[in-house]
Amino acid sequence: MPFNRSSSCRISVRALVLGLLTPTLLLPTLASAEDPPAGGTAIGGERLAGSGTVVDVTDGVPALPEDLTAASWIVADAETGEVFAAHDAHRRLPPASTIKMLFADTVLPLLDREALYRAQPEHFADVGPGSSAVGVADGQTYRVEDLWRGVFLASGNDAVYALTAMNGGKEATVAQMNERAADLQALDTHVVNPDGYDAEGQLSSAYDLTLFARAGLQHEDFREYASTADADFPGAGEGEDRETYEIQNTNRLLVGAPGLDPYPGIAGVKNGYTSEAGYTFTGVAERDDRVLLVTVLDPADGDNLAVYREAAALLDWGFAAADHANPVGELVPPLSELPEGQDGTASDEGEGDAATDGKNAEEANLDGAAGASGHRDSSGGILVTTITAGALAVLAAGAYVFHRRHPLPNRRPTRRRTDDPQE
């Protein structure tokens, strides 16, 4: 059954041993614009560490799409973690709003989706000029799930900072995101702000962004928000008299655009744009019982649809090649999901419980604390709770589990976008 936005998908749990996992603890280094193009890391396999395009063109494997102009890209199987082809996969580049996938993977499990938030002006002091926004208004109350729709659909930096306030503030949230990136072995990533706005030293890579998407898709809510085409967002007023307005997903492969059809089987996940990053995109799609992830960063063509066209071409190639291609690398599992006692297990040392700081509402029931649903250890580190009891035996053998746990809900019919706001 298709894994797309208009119908439910079959839920299965598959586990495969990742043979390229580095067995030692690897800590991230601070990235800089002067780093070599490939970042100098062998995470995911030595062949991904170098510059240029990596692919095995064997019998049955079609040639890669012509006219690929992106500075970096990767095509991988979301379930097995096999990387089928890549170009400068570890090159450190500004991520723009695709870093919101890491923000969501980090913060989404910690806040109850029904919790209430009241907007206050000081929460938005760090929103950069020209930022995309969903329209969070001072003094108005919002449910957490509304704010997440603002993040995923409208790429709203105001919604990001509202959720950041509920999570203890920018400093604490950025620290958590960097900690989560280290756990995911995303060594090319250094987070400076939670929304992806251009900032010195804020860098990631196509490889890391693909890890973030794969991790985020373990969460049912993440999958729901990322695959939603349009939704109603709260406007002015209170109670039954409160107005709403429609927001539509800025992911053009999901909703389409003039000159670009929605991609069959697409189910998210996140796009972005800034003047430094150019256009960025990570997508997930299913066809014939195979789920692929693709990330494309900064096509040379300044056309705002080029990133989607190149992503669609790479997805088409991946579906055609996957049954015949020899993997050139692997998406590694999180350190926290390795068997206990294996070298590389995440440290118990944490940053403290950031969610207890920076209360943001005038009333106790509006600060989000009572609605927190995430679990932490005694030092404040996030405990991964997505592994089922049945999967633990598989993890003991060193495997990583990719979950398609629950069907995506049915959504309203898609309407195409006619505009292209900055994201």
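How many helices and strands does the protein have? In this predicted model, the protein has 9 helices and 13 strands. Of its 423 residues, 58% count as buried. The surface that the protein exposes amounts to about 16100 Å², and carbon and sulfur atoms supply 50% of that area. Among contacts with a separation of 6 or more, residues 24 or more positions apart account for 73%.

The interior may be approached through its nonpolar cores. The largest nonpolar core has 70 residues, and those with the most contacts inside it are Tyr 117 and Trp 148. Once residues up to four places away in sequence are set aside, Trp 148 touches Phe 103, Ala 104, Val 107, Leu 108, Leu 163 and Tyr 225. A second core, separate from this one, comprises 33 residues, including Ala 70, Trp 73, Leu 254 and Val 255.

Trp 148 also leads to helix 2, where it is one of the buried residues. Helix 2 is largely enclosed by the rest of the structure, because 9 of its 9 residues are buried. The buried set contains nonpolar side chains such as Val 144, Leu 147, Val 151 and Phe 152, and it also contains Glu 145, Asp 146 and Arg 149.

Helix 5 (residues 206-216) gives a further case of enclosure: 11 of its 11 residues are buried, so the rest of the structure largely encloses this helix. Its buried residues include Tyr 207, Leu 209, Leu 211 and Phe 212, and among them are also Asp 208, Thr 210 and Arg 214.

The charged residues of helix 2 introduce the salt bridges. How many salt bridges does a search of the whole structure find? The search finds 17. In one of them, the side chain of Arg 149 meets that of Glu 224, with an N to O distance of 4.0 Å. Arg 149 belongs to helix 2 (residues 144-152) and Glu 224 to helix 6 (residues 220-226), so this pair ties together parts that are 75 residues apart in sequence. Are Glu 224 and Arg 149 buried or exposed? Both residues are buried.

Other salt bridges involve residues with greater solvent access, as defined by the cut-offs for burial. Arg 309 forms a salt bridge with Asp 303, and the closest N and O atoms are 2.5 Å apart. Arg 309 has a relative accessible area of 37% and is therefore partly exposed, and Asp 303, at 26%, is partly exposed as well. Salt bridges that share partners also join a set of residues into one network, made up of Arg 113, Glu 114, Arg 143, Glu 145, Asp 146, Arg 149, Asp 221 and Glu 224. Arg 47 forms a salt bridge with Asp 56, the closest N and O atoms being 3.1 Å apart. Arg 47 counts as partly exposed because its relative accessibility is 40%.

Asp 56 reappears in the surroundings of Asn 326. Where does Asn 326 lie? Asn 326 lies in the loop between helix 8 (306-321) and strand 12 (329-330). Its relative accessible area is 36%, so Asn 326 is partly exposed. Leaving aside neighbours within four places in sequence, Asn 326 is in contact with Asp 56 and Thr 58. The C-alpha atoms of Asn 326 and Val 61 are separated by 9.2 Å, although these residues are 265 residues apart along the chain.

A loop residue with less exposure is Ser 97, located between strand 4 (82-87) and helix 1 (100-107). Why does Ser 97 count as buried? Its relative accessibility is 2%, and burial requires a value under 20%. The side chain of Ser 97 makes a polar contact of 3.1 Å with the side chain of Ser 155.

The last stop is a pair of strands. Strand 9 (residues 266-274) is mostly covered, with 8 of its 9 residues buried. Strand 9 pairs with strand 10 (residues 278-287) in the antiparallel sense, over 7 bridges. A hairpin of 3 residues joins strand 9 to strand 10. Within this arrangement, Val 269 stands opposite Gly 283 in strand 10.

Conventions. Residues numbered from 1 in each chain as written. Predicted model: local features only at pLDDT ≥ 70, side-chain atom pairs only at ≥ 80, totals over all residues. Heavy atoms only, no water. Buried < 20%, exposed > 50% of the residue type's maximum accessible area, 1.4 Å probe, protein only. Helix = DSSP H or I, 4+ residues; strand = E, 2+ residues; numbered from the N terminus. Core = buried A, V, L, I, M, F, W, Y, C linked by side-chain atoms within 4.5 Å. Contact = heavy atoms within 4.5 Å. Polar contact = N/O pair within 3.5 Å; in protein donor to acceptor, adjacent residues only side chain to side chain. Pairing = 2+ DSSP bridges. Areas by Shrake-Rupley, 256 points an atom, 1.4 Å probe, with all protein chains shown as cover.
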